[in-house]
Amino acid sequence: MRAVVVTFPGSNCDYDCLQVLRKVMGVDTRFIWHRERDLGDPDLVVLPGGFSYGDYLRAGAIARFSPIVEAVKRYAGRGGIVLGICNGFQILCEAGLLPGALRRNNSLKFRSHDVHVRVETKDTAFTRAYRAGQVLRIPIAHAEGNYIADPATLERLEAEGRVVFRYTTREGARGEGGNPNGSANDIAGIVNAAGNVLGLMPHPERAAEGVLGSTDGLGMFESLVAHCARARVA
Amino acid sequence: MSAYAIEIRVTPRRGLLDPQGKAIQHALDSLGFAGVGEVRAGKLLVIELDADSPDEAAARATRMCEKLLANPVTEDFAIEVGRNAGQPEAAT
Amino acid sequence: MIGAASGGNGSGPAAPEPRPGDPEITPELVADHGLTPEEYNKIVGHLGRTPTFTELGVFSAMWSEHCGYKNSKRLLRLLPTEAPWVIQGPGENAGVIDIGDGYALAFKIESHNHPSAVEPYQGAATGIGGILRDVFTMGARPVAVLDSLHFGDLDSSRVRYLFDGVVRGAGDYGNCVGIPNLGGEAYFDRGYEGNPIINVMCLGIMKREQLIRGEAHGDGNTLMAVGARTGRDGIHGATFASEELGEDSDASRPQVQVGDPFTEKLLLEASLELIRSGHIVGIQDMGAAGITSSASEMAGRSGSGVVIDTALVPVREPGMTPYEILLSESQERMMVVVHRGREEEVRQILAKWELEAAEVGQVTSDGRFRILEDGRPVADIPALPLTEGCPTYEREGIEGEEVRAQREMDLTPYAGGDGDRTADFLRLLASPNLASRRWIHDQYDTTVRTASVIQPGGDAGVLRVRGTRRGIAVTTDCSGRYTYLEPGTGARIAVAEAARNLACAGALPMAVTNNLNFGNPLKPHIYYQLREAVLGMVEACALFETPVTGGNVSLYNETSGTPIYPTPVIGMVGIIEDLERVTRHAFRDEGDAIVLLGRNTDELGASEYLYAMHDIVGGRPPRVDLLAERVLQQALLAMIGEGLLRSAHDCSEGGLACALAESALQEGEDPVGIRVRLADPLPSTALFFGEAQGRAVVSCDPANLERARRLADRYGVPCTKIGTVGAIGGSFIVESADARIEADIREVGAVYFGALPERMDAQ
């Protein structure tokens, strides 16, 4: 399996994603600079977190015009697997690969702490290693994670089972206590209609080694490795 | 060609909750400013643009907004084109 | 091209002429530049003539307290600075120590007090920016920041504004660059009402061979200005940082620099790439006093000279004078010394990171700091007197009368109290000085870089060192109240507490960076504080074998004549040999034994109890026995090394009751009850809330209690089982012969975690 992690000016979780894929999962992983136009032939493209272009104007608004994003769009159009974490999720929304937008947290503050997210569907390339309904403890670190979309879009996301992660309490219950940023429908992560592009605000790569306190994020990378192995065979 | 000073106001889309505006409204209220209604916080962009006519300038600014400066999901924009009197004809 | 003006020209360059439009050098102008007539005469002596306006500005910046340490250098020389593991001591951008396996740790603390008092958001943000640059210009990748914050009482809306702005500013900047915050401290006391203390510390890790110094050697090598353009912001910030704030400091806003963390991130990546490329000789942040200090210090360190043409420096606004260009403190700029002939390679690396670079001058061999304006000389100064010749002073130091009276006040009216102390305890725990700092840390990214083993909220922050079994532990400490009441004791406690914090996490204390925040040293009672604090620090750092590898001095922290508490902040780093053994402050399993290491005493002076309950700053700070502290650290490390402890927590502000509560509350989700009985025949106020030094609260499996006890005996550390860990959600019970605290642990948690948000978020 081969993975690429796209680095934009201002990305700051690129190294973390590379480390997890390379060192923890043993995946052949390399960085790709945002100016490049060719992704090569990877099995997985990761848009990492950070502050691409300082998040000036709006988070992800400038990064989406980087040359590599055109290549990512073509790759996703062919069914390639794309994972956008935090700023990566914001870029995917700005680029139109995922619906909706991420606005400032309702607290108007940057929020950095562990949250609980419930796996709403295990029926994706990103979540098969989890149990449906499993509650994960994963850190967030963002100022703009308040997901919003028009009512019709939200309805469609729900109806099609495309809300993949939802903020909940530790016990898996929805409600005020679990949602850290005011996201519509407590949405923490969504997938596109074809099921190959996922964006989420929490950082699974920060919860993939015991020494860091949680391994709940590891399941996502395990799911992806298993999926790509199957896809290669097929 | 003339130089135009274009002012673009980007505001949170009407009807959407604007947490920043709400916080400001609350702060004004608690500072004793009576009669403060809804507050909406957006941004103002001032762009110098060379164009043949005000209409052309406005049209180009609109495209800028649609493509980059405003997010159609969450934001509205308004454009005002003014002649920048201090600026001579643009030299190339 | 600057070559024509560089060394090798036998006749030497012409002396600079006054520039048209420059003000005439008058005694008033000299005084405005913070220079005394004697200092001015020295300058004339070094030059052999009257300085130009530009030269006066340059000397004024380099001979300010901030750059020249004129009132502190003689004291700072007394600090221990050497040890076999010290690779780089004071005098560079940051100190560096060996951490094993071929890795080195660079670290440094720096103050941004004055800028933050004027504009808290930008002041704190640019403080983080500056300290990051100090570390990555050594060749190290920044891996963590900490902030030591001291503010006035939160009852003041101005203080809440400053506190909120500082936290947002430090957070936004560090978060954007992607450096985790690993902790620090936040204190609130009226002693900081007009002058907040904002100290920021940064740590960076590198391979030993990647170390690079801020040097400019090699005649003919090229000086390049890299990064942001030079604007008019922050001109004379170094002098500004060395003056008292007046009533009108709000009006001095234009001097405040604005930070751009995005450019900083690019500069970080580009600088590390440049350093690894071998194309450059030296690199330095253009921090305080901008081009002046970076170029002259690099020349001074390597005994060479520099020539710079200000017309070649990229500027943000037209019409800037050499004076302004040389002294601008615009952020996110670096001075790089490039091997001659490799300018293009350097430019290409920078272009990849979308950064500007301009050749602005050259290294020379003539030992002079020469400035041209479009080829015309405007300054020509011998480099060594500029960087090393700043006059240093030993001032008169006499303790203030008022402090002595406060220290010797009779505390007996406040020492009594028995029976149910639960209400007192909860009220004390709600003090912003004791309550949870989560409101701060939730605004800081603490997990980026996936190396944070212990996040803020524990005794020390802990990072893993990738590719090794080791961890780095780091903390900052200083109680200004202790130091105010007895400066020497306060400084010794700051060092001892820092070391205790590290030992509790299982780390061996290795080295210190210090930040000396004081008032106006020309006042005898302030110089007394400075001298006594430094002497206390000398003693403690020597005994703990934690040399001081660098730091920062911030004097003149006064508003309208009122000084801050003397605040010598200690940033200390330690090494955990095996991260498997890292120890946290939280109690773990029901039935574990709770053990006190050290001894309770009948001391209440300078305590948070007196401040929070009686609004008193008074009494003698707790005694500190440095030798006892050292053996306590050793005993803790031995116990942790043998795997005997489930938790370890320093006992300090708020006393034993608050330390027990912090261990019981854990991170707040699964707090445990405890039952503790204290047999000491002491008044309950001192026993529960006194701040006796040399103590730690640890817990262990009852099966390991005897081994722990024997180990403690061997080190001569008092070791007493005082209680037992209870169930999740149980009762928090602490009792003595005549008094008692009893509360539902969740109620304790609501107070502890709720106090700061209630004050900050409730409008």
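**Exercise 1. In which sense do strands β4 and β5 of chain C pair, and over how many bridges?**

Step 1. In this predicted model, find strand β4 at residues 141-151 of chain C and strand β5 at residues 181-188.

Step 2. Follow the pairing: β4(C) and β5(C) run in the parallel sense, and 6 bridges join them.

Step 3. Pick out one position in β4(C) as a check. For C:D147, the bridge partner in β5(C) is C:G184.

**Exercise 2. Which helix joins β4(C) and β5(C) in a β-α-β unit, and what is the hand of that unit?**

Step 1. Look at residues 157-177 of chain C, where you will meet helix α8.

Step 2. Put the three elements together: β4(C), α8 and β5(C) form a β-α-β unit that is right-handed.

**Exercise 3. Is strand β5 of chain C mostly covered or mostly open?**

Step 1. Count a residue as buried if 20 or more other C-beta atoms lie within 10 Å of its own.

Step 2. By that count, 8 of the 8 residues in β5(C) are buried, so the strand is mostly covered.

**Exercise 4. Describe the make-up and the spread of chain B.**

Step 1. List the elements: chain B has 2 helices and 3 strands, in the order β-α-β-α-β from the N terminus.

Step 2. Turn to its extent. The C-alpha trace of chain B spans about 50 × 30 × 15 Å along its principal axes.

Step 3. Set its radius of gyration, 17 Å, beside the value near 12 Å for a compact globule of 92 residues.

Step 4. Add the burial: 15% of the 92 residues in chain B are buried.

Step 5. Finish with the contacts. Of those in chain B with a separation of 6 or more, 72% link residues 24 or more positions apart.

Conventions
Residues numbered from 1 in each chain as written. Chains lettered and ligands numbered in written order. Predicted model: local features only at pLDDT ≥ 70, side-chain atom pairs only at ≥ 80, totals over all residues. Buried ≥ 20, exposed ≤ 12 C-beta atoms within 10 Å, placed from the backbone. Helix = DSSP H or I, 4+ residues; strand = E, 2+ residues; numbered from the N terminus. Pairing = 2+ DSSP bridges. Right-handed = clockwise from strand over helix to strand, strands pointing away. Rg over C-alpha atoms; globule rule 2.2 N^0.38 Å. Contact = placed C-beta atoms within 7 Å.
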